[in-house]
Amino acid sequence: MSTATEPVLGFDEALATYDPVMGLEVHVELGTETKMFCGCPTAFGAEPNTQTCPVCLGLPGALPVVNEKAVESAIRIGLALNCSIAPWCRFARKNYFYPDMPKNFQTSQYDEPIAFEGYLDVELDDGSTYRVEIERAHMEEDTGKSLHVGGSTGRIHGATHSLVDYNRAGIPLVEIVTKPMLGAGERAPEVAKAYVATLRDLLKALEVSDVKMEQGSMRCDVNLSLMPKGSAVLGTRTETKNVNSLRSVERAVRYEIGRHAAVLSGGGSITQETRHWHEDTGITTSGRPKSDADDYRYFPEPDLVPVAPAAETVEALRATLPEPPAERRRRLQTTWGYSDLEMRDVMNAGLLELVEETVAAGASPAAARKWWSGEIARRANTEGEDVVTYAERLGVTPAHVVELEGLVTAGRLNDSMARQAWEGVLDGEGTPTAVADARGLELVQDTGALEAAVDAVIAANPDVADKIRDGKVQAVGALIGQVMREMKGQADAGAARTIILERLGQA
Amino acid sequence: MTTDLTRATAAELADLLGAGTVSSREVTQALLDRTAAVDGAVHSYLHVDGEGALGQATEVDRRRAAGESLHHLAGVPVAVKDVLATRGLPTTCGSRILEGWVPPYDATLVTRLREAGMPILGKTNMDEFAMGSSTEHSAFGPSHNPWDLDRIPGGSGGGSSSVVASFQAPLAIGTDTGGSIRQPAAVTGTVGAKPTYGGVSRYGLVALASSLDQAGPCSRTVLDSALLHAVIAGHDPMDSTSIDAPVPAVVEAARRADVSGMRIGIVKELTGEGFQPGVQARFEEAVQHLVDGGAEVVEVSCPSFTYALAAYYLILPSEASSNLAKFDAMRYGLRVSPEGVDAPSAEQVMAATRDAGFGDEVKRRIILGTYALSSGYYDAYYGSAQKVRRLIANDFAAAFERADVLVSPTAPTTAFRLGDKLDDPMAMYLNDIATIPANLAGIPGLSVPSGLADEDGLPAGFQVLAPAMADDRLYAVGAALEARLTAAWGGPLLDRAPDLTEVAR
């Protein structure tokens, strides 16, 4: 395997000379119960070759029949991407030889996609919007999976034998292809990432796929070319295949921009080819040459009748579309009163649903955000999990947050005690109340003891007390800290502040 | 009624079985004995499943004895062309590349035969992947015409026609992509029908050209074909091109055998020049018989038929090149490693296997189809052929405005000699000139014997074509003609064929 690093130009330097042009092709595995053309189940991770039949194995004589649910999903995706839906379209055969493709042709859509000419608005970090034009969304079937055994690289070269698992063969896919994305300039990597993220949220909201990039149910191919600034002629593109995380999409675009720029600046020319992305090293390496002359000998699939969704069917499906994620986000941010930064943090941490559920369960938006994005997020990160999965594994629920906030508002816990109680919950010690009971966390409600402590602290710090008497109220913090220490943390800081200011004539 | 069970028609056998006069086991055994005696000479079968057929026969006899209500044809044996998937029984499509392959599933029509309780005698010989008009392209050797063993029994279904003509089975299943049921029927003096495209499920029929392939019945009488047609036809959710509509009343039409008041259209382009005089003469006599039966004759013209053969030989290889791509040595069938290569790649194994496993005619068509579909040539070839196809359908539609059925000789000649056209593919292709238009348009067609040509004393066929889903008209016309001709001949035509038992020994 060649991973020799090629020359790469610095990003800023590259962008000073060239404009990047991107095209993204996203494959989405639909979450239908059965395959695209047969009744086999689609469950992920089953024993190899246990979810197959004559149809998806391409046995001689077997014939495909279109999965109506998959067509519905494809139409809903098309509608959500603001596409036109074809009133009549066909499947085509894409002919090429590959051992994990049972029929040696892939049943796909070629010149007659189910959905075409749409767009998706993508919000960037600075709050601006980039409109990604969608060329088409078409249906096709997935291939099987080859495993090459006995070599050092996992590739067929050097392997002693190969195993093929056809469980994935025939799983319905929708491929979403953008038009060339121009004018993103230095923000191209960010646009690419934001587009895939927005698309992922949208598909998730549509409930058509589990969009798990790490399991391959959503895969992205990145096409990239550069054109000299001021030019209108598209450069030669490369296609980086199967980039499987949001971060990698961004990195792959950035890397290819630098690599193309280095080649072009050195007077070389870009070879049209597919490239492999290496997650570990963050670089791409050459795959197979891909010319426009690749001849798949497409022709209409004669074993299938055309797909002709009635206009009423399309409109009925349009009525099932959920609130677009971007609109939903704006609505929730307004309702919750979050700042842009707070909202972005919640989004980036993947906490939107959890916060929403917690608020619905009775917590304040502030408390919901605070408790889900603090200690638990830190721990989840250390464990290499996302918060939702981590919380699920620990058994921590929105009800716990509601209960914790209740203890604070009832005056039983102060902020630092609440933090201790939350840590106890995360350590598996039970509910917030149970943790508080077990750890003896309880604000001292006895004003006599608090007053005595305040008096002792004022007496011990005459200089500070004088400053406060003179109107430097901000110095009160130092005294509160000492009172808390005196009370071993079991005091209500607010009450302590009130008493100190009373005593010093500033109330 | 004859006591020779092998010479009884399916309808007669059904009556005997129903009355309890004979058992299915006796019938099946008689046919297997006949096969043992004559198949060495005609080579109709690639696989005979005596044990399986007798087992199914015994089971039907037991159910009948138990008083169960059975299908009319229950216990009547049938032979199946080797292009249909049969669970537990080899399916080779006449090709080395599938030698020894035993499918794990049944084609839908095979399931229907089994459900009707029809014992499956075996799999019949065919041109490799149904490519050819003579059965000489079978990788396992040609079948022979029972009328003259030096001659071809038609193709690609020569096994299914000769198995019926040589009294080894009363019924057989064939498939017709460009005439492979009708042309073999014509040259062996038997009956064969290609139903409306989509009328019989293609599920389990190993595809040659998906948009043209159609399975159908082969028999010795029109009624028998209708009976078998009724068993295998009807909607199948496993085949998306299968028609979801009631099956035309083919059996009733065959029993009625009435053409009075019917308008019979003679297709100008499918008669006269290019047709053997003896074939043409029998055709004209047959038309006269229909007129005598009360039919009215009109002449119709289908000008686009001139291009039918060319269009067919672009569409068929194009689809075949894609359909045959699955035979790649990876999962089933033959696997050949290239010689002199130490560690061959998957591609090299595929290439070596396909080179060794496919015959010349198959390779010829794969190359032709690959070329016709390739980028830059698609519009000129495949695209144009599809346009011609539409013109042919339009011609038919116009012709059926003027006539209820269309008629022509089934094939331009009687059976040619084995080897005669093997080195001249174009001459071979011309033999399907009258049958191909029906496949391009998806309409049904039937061939019935019209007599023996004067020049060579060999059978000629009479073709009837009807609009899509009007299959019943074929049987009405075919049965009416058959009744008049049989009366004129003083018995079935096949009675004049040589008795093969002498030759076989």
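Okay, let's start where the two chains meet: between chain B and chain A there are 18 residue pairs in polar contact, counting pairs with both residues at pLDDT 80 or more. And yes, that's pLDDT, since what we have here is a predicted model.

So which parts of chain B do the touching? Three helices, α10 (308-323), α11 (346-357) and α12 (360-373), each supply at least two residues to the side that touches chain A. α10(B) gives the most, with 4 residues. If you sort that side of chain B by class, you get 18 nonpolar, 11 polar and 7 charged residues.

Now, salt bridges. The count between the chains is 1. B:Arg202 pairs up with A:Asp303, and their closest N and O atoms are 2.8 Å apart.

How much area goes into all this? People often give the size of an interface as the accessible area lost when the parts come together. Here, chain B and chain A bury about 2,700 Å² between them, with 61% of it on carbon and sulfur atoms. Over in chain B, B:Ser240, B:Lys326 and B:Arg331 lose the most area to chain A, together 21% of what that side buries. In residues, the contact takes 36 from chain B and 31 from chain A.

Let's go inside. The largest nonpolar core has 216 residues, and A:Ile176, A:Tyr195, B:Leu113, B:Phe129, B:Phe462 and B:Tyr475 have the most contacts within it. Helix α3 of chain A, residues 188-206, gives the most to this core, with 11 residues. Take A:Tyr195 as an example: among the residues it touches are A:Leu24, A:Val26, A:Leu120 and A:Ile176. Apart from that core lies another, of 35 residues, including A:Leu354 and A:Val435.

Technical notes: Residues are numbered from 1 along each chain as its sequence is written. Chains are lettered from A and ligands numbered from 1 in the order in which they are written. This is a predicted model: local features need pLDDT of at least 70, side-chain atom pairs count only at pLDDT 80 or more; totals for chains, interfaces and linings use all residues. Side-chain values use heavy atoms; hydrogens and water are left out. A nonpolar core is a set of buried Ala, Val, Leu, Ile, Met, Phe, Trp, Tyr and Cys residues joined through side-chain atoms within 4.5 Å. Buried means under 20% relative accessible area, exposed over 50%, partly exposed in between (1.4 Å probe, protein chains only). Contact means heavy atoms within 4.5 Å. Buried area is the accessible area (1.4 Å probe) that two parts lose on being put together, summed over both. A salt bridge is a side-chain nitrogen of Lys or Arg within 4 Å of a carboxyl oxygen of Asp or Glu. A polar contact is a pair of N or O atoms within 3.5 Å; within protein, one must be able to donate a hydrogen and the other to accept it, and residues adjacent in sequence count only if both atoms are side-chain atoms. Ala, Val, Leu, Ile, Met, Phe, Trp, Tyr, Cys and Pro count as nonpolar, Asp, Glu, Lys and Arg as charged, and the others, Gly among them, as polar. Lists of a residue's contacts leave out its neighbours within four places in sequence.
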